[in-house]
Amino acid sequence: ELGEETGEGARRLAEEAAEDGRLGGLDEVPFDVEHEDAAPLDPRAPRCQEEPGHTGHDDQGEEHADESLHPIPPGPAGAEPRLSSRAMSKEVYIASVGLTKVDLTGRIFGSVFDLFAEAYARALEDSPVRSFDALQVGIMDSEEFENRANIAAKVADRLGLTGIPAVRTETASSTGAAALHEAYYKIASGECETVLVLAGERMKMVTTEVATSIMSKTVDPEERRFGFTMPALIALISQAWFRKQRIRGKAVADVLARLMVRAHALGSQNPLAAFYGRPEPLEAYFDATKNLPVATPLRRKDCSPICDGAAAVILTSRPQAVRIAGLGSATETASILDRAQLTCLDATRHAARIAYWRAGIAKPRELEGLVVELHDAFNSLLPIGLVDLGLADAARVIEDLVGDPRHEPISP
């Protein structure tokens with residue numbers, strides 16, 4: 001709308017649509033945590049950005065006190081989203097879930113189509129929904145690992161679902177979550193009644209070095225030119241976070257070792273996990289002959305191994321035991337060099353804030369029986385992520401997770 005202030009054209013069209021009752025009128029309002037349709041969130045929470053002249057080494061007492069008062073961190077400055085004030089056409093429920101075994105050998109699944117077929121078959125075992133209006137496939141690097149493009153159509157063909165629309169989603173490490181988001185909105189908008197979501201990756205047909213090189217293509221080209229890989233970037237963020245918490249030297253290794261013990265203890269109890277039945281003792285972390293350095297401070301046992309695996313989720317508008325109450329997604333600068341600081345992930349904070357708002361949750365820490373499934377492909381991302389989600393204070397998150405690093409690890 002030339003000659004009008006930003007957003008004025010959209011507002012005028014919305015008013016016109018409201019007057020004549022047209023469908024599809026622009027129904028957006030600025031994101032407001034005090035909106036009448038949602039539980040209020042505290043808008044005064046500190047942003048994940050340094051104050052001018054701040055070095056990250058000053059006294060943390062006042063900062064941690066602020067975090068405890070405002071548990072829901074906001075998103076990046078100047079990036080408030082525009083969300084519809086009108087409820088979605090339909091609620092979205094999870095009818096069934098299917099998971100494959102996480103395979104470290106590369107010998108269980110003959111192709112990515114076998115992988116998805118296994119997840120699909122498991123989801124169908126106890127699903128009341130057997131037909132679908134659409135298929136959403138999440139896979140990151142099929143061109144590189146499988147030498148296959150247009151993979152969503154082939155998956156539909158393999159599963160006997162030819163005829164329904166099949167679309168591929170790819171957003172690097174969040175590909176599976178993004179596929180779920182897209183499927184959710186297809187139902188919530190009223191376009192579909194049921195959607196099958198498949199997400200996974202088959203990477204064990206190449207070496208770890210080649211797989212790392214492939215996945216590192218998500219890294220900014222300028223940073224990649226200087227040798228950055230995904231583990232290296234996470235290591236940089238980890239260094240900054242530990243430094244801000246005044247954890248240095250051997251204390252960093254002590255914390256990471258206990259996070260490793262915790263992760264393996266949980267995985268060892270899951271029959272589908274890669275390391276089922278294989279807990280790791282604390283001393284294994286300090287075995288320099290096996291736990292080799294990757295990128296300071298991360299070592300081999302801090303990093304998820306390359307493996308194969310997939311999941312299937314069947315979504316429906318028909319009421320089921322599990323309802324999706326809120327979703328949120330966000331982005332930040334693709335280059336780490338362009339970020340104000342490295343001690344948090346602004347996109348995580350922003351996405352969490354939107355999800356809580358949509359679900360009507362003002363104080364997520366007060367939810368009873370809360371279970372958190374957090375993406376921690378590197379051990380150090382667990383405490384960072386819990387703080388960014390507003391579920392823990394930076395001053396206490398390490399002790400809450402693993403106890404006092406000077407003592408024996410606590411049970412997870």
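User: What is a polar contact within protein, and what distance joins the side chains of Ser380 and Ser238?
Analyst: A polar contact is a pair of N or O atoms within 3.5 Å, where one must be able to donate a hydrogen and the other to accept it. This is a predicted model. In it, the side chains of Ser380 and Ser238 are joined by a polar contact of 2.5 Å.

User: Is Ser380 buried or exposed?
Analyst: Ser380 lies in the loop between helix H12 (346-359) and helix H13 (381-388). Beyond residues up to four places away in sequence, Ser380 touches Ile234, Ser238, Phe242, Leu256, Leu259 and Leu298. Buried means under 20% relative accessible area. Ser380 has 1% relative accessibility, so Ser380 counts as buried.

User: Which helix gives the largest share of the largest nonpolar core?
Analyst: The largest nonpolar core has 33 residues, and Phe242, Leu259, Leu386, Val397, Ile398 and Leu401 have the most contacts inside it. At least two residues each come from helix H9 (230-244), helix H10 (250-267), helix H11 (282-285), H12, H13 and helix H14 (397-402). The largest share is seven residues, and it comes from H10.

User: Which residues is Leu401 in contact with, leaving aside its neighbours within four places in sequence?
Analyst: Leu401 is one of the residues with the most contacts inside the largest nonpolar core. Outside those sequence neighbours, its contacts are Leu259, Arg262, Leu382, Pro383, Leu386 and Ile410.

User: How many residues does the second, separate core have?
Analyst: This core is separate from the largest one. Among its members are Ala119, Leu135, Val137 and Leu159, and its total is 27 residues.

User: How many residues of strand S6 (residues 194-201) are buried?
Analyst: On one side of S6, Thr194, Leu196, Leu198 and Gly200 are buried. On the other side, Val195, Val197, Ala199 and Glu201 are buried too. The count for S6 is therefore eight of its eight residues, with buried meaning under 20% relative accessible area.

User: Which strands pair with S6, and in which sense?
Analyst: Strand S4 (residues 134-138) runs parallel to S6 and is joined to it by five bridges, with Gly138 opposite Ala199. Leu198 of S6 stands opposite Ala312 in S9. The partners are S4, parallel, and strand S9 (residues 309-316), antiparallel over eight bridges.

User: Which are the edge strands of the open sheet?
Analyst: Six strands form this sheet with mixed pairing, in the order S5-S4-S6-S9-S3-S10. Each edge strand pairs on one side only. The edge strands are strand S5 (166-169) and strand S10 (322-323).

Technical notes
Residues are numbered from 1 along each chain as its sequence is written. This is a predicted model: local features need pLDDT of at least 70, side-chain atom pairs count only at pLDDT 80 or more; totals for chains, interfaces and linings use all residues. Side-chain values use heavy atoms; hydrogens and water are left out. Helices (H or I, at least four residues) and strands (E, at least two) are DSSP runs, numbered from the N terminus. Buried means under 20% relative accessible area, exposed over 50%, partly exposed in between (1.4 Å probe, protein chains only). Contact means heavy atoms within 4.5 Å. Two strands pair if DSSP finds at least two bridges between them. A nonpolar core is a set of buried Ala, Val, Leu, Ile, Met, Phe, Trp, Tyr and Cys residues joined through side-chain atoms within 4.5 Å.
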